[in-house]
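Subject: Handover of a structural model

Dear colleague,

Please find below the structure that I am handing over to you, together with its sequence. I would be grateful if you could read the notes that come after it with the coordinates open.

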Amino acid sequence: MAERMLQFVRLAQAQPEKRDVAARRSDFGEIYREFAATAASAQASRCSQCGVPFCSIHCPLNQNIPDWLKLTAEGRLEEAHEVNSATNTFPEICGRICPQDRLCEGNCVIEKGFEAVTIGAVEKYINDTAWANGWVKPPSPRQEKPHSIGIIGAGPAGLATAERLRTRGWQVHVYDRYDRVGGLMIYGIPNFKLEKEVVLRRWKQFEAGGIHFHLNCAIGHDITMAELRARHDAVLIATGVYKARDIEVPGSDLGGIVAALDYLTASNRDNLGDTVDEFASGALNARGKRVVVVGGGDTAMDCVRTAIRQGAASVTCLYRRDKANMPGSMREVKNAEEEGVEFTWLAAPEAFLGDGMVQAVGASRMHLGLPDATGRQQVAPIAGSEFTIPCDLAIKALGFDAEELPAMFDEPALSVTRWGTLKVDQRTMMTSLPGVFAAGDIVRGASLVVWAIRDGRDVADQIEAYVTQKAGALATAAE
């Protein structure tokens, strides 16, 4: 019913209520409360149902956002879930962690002053309701197919591929070097953004649907790439990128300087109930410490907000550009500011200072210059602007690069780009090894979960076409 929509002219934008700051700082629970049914329906009704939906165009999954917003406004939540999940393997996850302010909501055509539709929170509400009512089912093929696919990596790209192929009847085996399914969704993203049960229930559901998981299994160590290729009709590499970028300044070898992923993994494992020696010893625990996080992306925001919850004495984020040029989500920056994080903009570390252990970060003020070839403004230090920040724990959150997969997998024929990512045929998504495909961050570099899902769904189609064609050719040759 069209009269339910276009309510943005009389209804203000509203996000779900945030928990009190003091309560948020004391635990790792998600910071937003659940939408009430009436509030979710009302916010969905603000959609203008525009003829060219820029929200869909700027979603990597090209979701039919206006459609499921309209269904939500009409109270048809099961149908809204079906439309939403038709194009998104993990809508309940994207609703929580996608930077909607840069993607769908950031491109909403509703005029400034009226503000964008609250797309992400409505998506979360739809799919949490779907899980609560049992509408989310394991992948269930109509017909089993004899061919098997091996997937290396149980992160979002690998899981999206697995679900899509399993739904079509393929025999799917997922291999991962870690002890849980989810990749960085489990070990890299804190609970206050994505509670781990949201990911773990997908693991249980996929197992119930017939997807086989081989955990604590490192390719090149526990099984060779050659054995994997012989075992399966096609193989997908979806390992993500885990190699931390570093900063080479004096004092980098001091104790108390850690990589962001090591720090976040220790915190997430502790929250999962694991015994983490480096967390227990205090090496990867911010309690009582003066913490400095170097970087300005979403990982840096995860680190500063984790340190607040661990009881740090102070938390400072050091970023070499200004707030407007920060690559991380502005919502995350605002949440961090509310929780007590101090941001030092236009500043970069010049040295780590201390005697054995880090005691301070020496930094310089930076000047923004003209844009470079990528369009980002260049930065240069301002002479004589040096200053120091007291520090007991320095966390380097400078991004991630690809690990050296040809060496790790003992497969030198695996071609890589100059950035270390896997080189693929852009049309087929196949690597230099016949029948071996690649998708996600290991191809595009460190990116968003939603892009990994898109790549995983796309490569599933390419794998299916390859195996089907190969099987057909073999059948013809046998006749």
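The notes below set out what was found, beginning with the sheet and ending with two individual residues.

Please bear in mind throughout that this is a predicted model.

The sheet

Five strands make up an open sheet, ordered β3-β2-β1-β4-β16, and their pairing is parallel. The edge positions are taken by β3 (212-214) and β16; each has a single partner strand, so one side of each is left without a neighbour in the sheet. From one strand to the next, the twist averages 20°.

Strand β4 (residues 234-237) can be described in some detail. On one flank, β4 pairs with strand β1 (residues 148-152) in the parallel sense over four bridges. Within that pairing, isoleucine 149 stands opposite alanine 234, and isoleucine 151 has leucine 236 as its bridge partner. β4 also pairs with strand β16 (residues 436-438), again in the parallel sense, over three bridges. There, valine 235 is set opposite valine 436.

In a regular strand the side chains alternate between the two faces of the sheet. β4 can be read in that light: Ala234 and Leu236 point one way, Val235 and Ile237 point the other way, and all are buried.

Helix α8 (residues 156-167) lies across β1, β2 (171-175), β3 and β4. The angle at which α8 runs to β2 is about 165°.

Nonpolar cores

In soluble globular proteins, nonpolar side chains tend to be buried together. In this model the largest nonpolar core has 72 residues, and Leu69 and Ile463 are those with the most contacts inside it. Helix α18 supplies the largest share of this core, namely eight residues. A second, separate core has 29 residues, including Val304, Cys317, Val333 and Ile395.

With residues up to four places away in sequence not counted, leucine 69 touches Met5, Ala44, Cys47, Val117, Ile119 and Val122.

Two covered helices

Helix α7 (residues 119-132) has 14 residues and reaches 20 Å from its first C-alpha to its last, close to the 20 Å expected at 1.5 Å a residue. Of the 14 residues of α7, 13 are buried, so this helix is largely enclosed by the rest of the structure. Glycine 134 follows α7 and has a positive phi, near 75°.

Helix α14 (residues 298-309) has twelve residues, and its first and last C-alpha atoms span 17 Å, close to the 16 Å expected at 1.5 Å a residue. α14 is mostly covered, with ten of its twelve residues buried. Among the buried residues of α14 are the nonpolar Val304, already mentioned as part of the second core, and also Asp302, Arg305 and Arg309. Just after α14, glycine 311 adopts a positive phi of about 90°.

An annotated span

According to an unreviewed UniProt entry, residues 25-134 carry the annotation "domain: Dihydroprymidine dehydrogenase". The end C-alpha atoms of residues 25-134 are 33 Å apart, and the span is 50% helix and 0% strand.

Two partly exposed residues

Where does glutamine 462 lie? Glutamine 462 belongs to helix α18 (residues 449-478). Its relative accessibility is 26%, and buried means under 20% while exposed means over 50%, so glutamine 462 counts as partly exposed. Residues up to four places away in sequence aside, glutamine 462 touches Arg427, Thr428, Met429 and Phe437. One of these, methionine 429, is 33 residues apart from glutamine 462 in sequence and 7.1 Å apart in space, C-alpha to C-alpha.

Asparagine 64 is placed in the loop between α3 (54-57) and α4 (65-73). With a relative accessibility of 35%, asparagine 64 also counts as partly exposed. Apart from neighbours within four places in sequence, asparagine 64 is in contact with Ser56, Val83 and Thr87. Asparagine 64 and threonine 87 are separated by 23 residues in sequence and by 7.9 Å in space, C-alpha to C-alpha.

With kind regards

Definitions and conventions: Residues are numbered from 1 along each chain as its sequence is written. This is a predicted model: local features need pLDDT of at least 70, side-chain atom pairs count only at pLDDT 80 or more; totals for chains, interfaces and linings use all residues. Side-chain values use heavy atoms; hydrogens and water are left out. Helices (H or I, at least four residues) and strands (E, at least two) are DSSP runs, numbered from the N terminus. The expected span of a helix is 1.5 Å times one less than its number of residues. Buried means under 20% relative accessible area, exposed over 50%, partly exposed in between (1.4 Å probe, protein chains only). Contact means heavy atoms within 4.5 Å. UniProt positions are given in the numbering used here, feature names are shortened, and annotations may be inferred rather than shown by experiment. Two strands pair if DSSP finds at least two bridges between them. A nonpolar core is a set of buried Ala, Val, Leu, Ile, Met, Phe, Trp, Tyr and Cys residues joined through side-chain atoms within 4.5 Å. Axes are lines fitted to C-alpha atoms, for helices over the stretch in contact, and angles run from 0 to 180 degrees between N-to-C directions.
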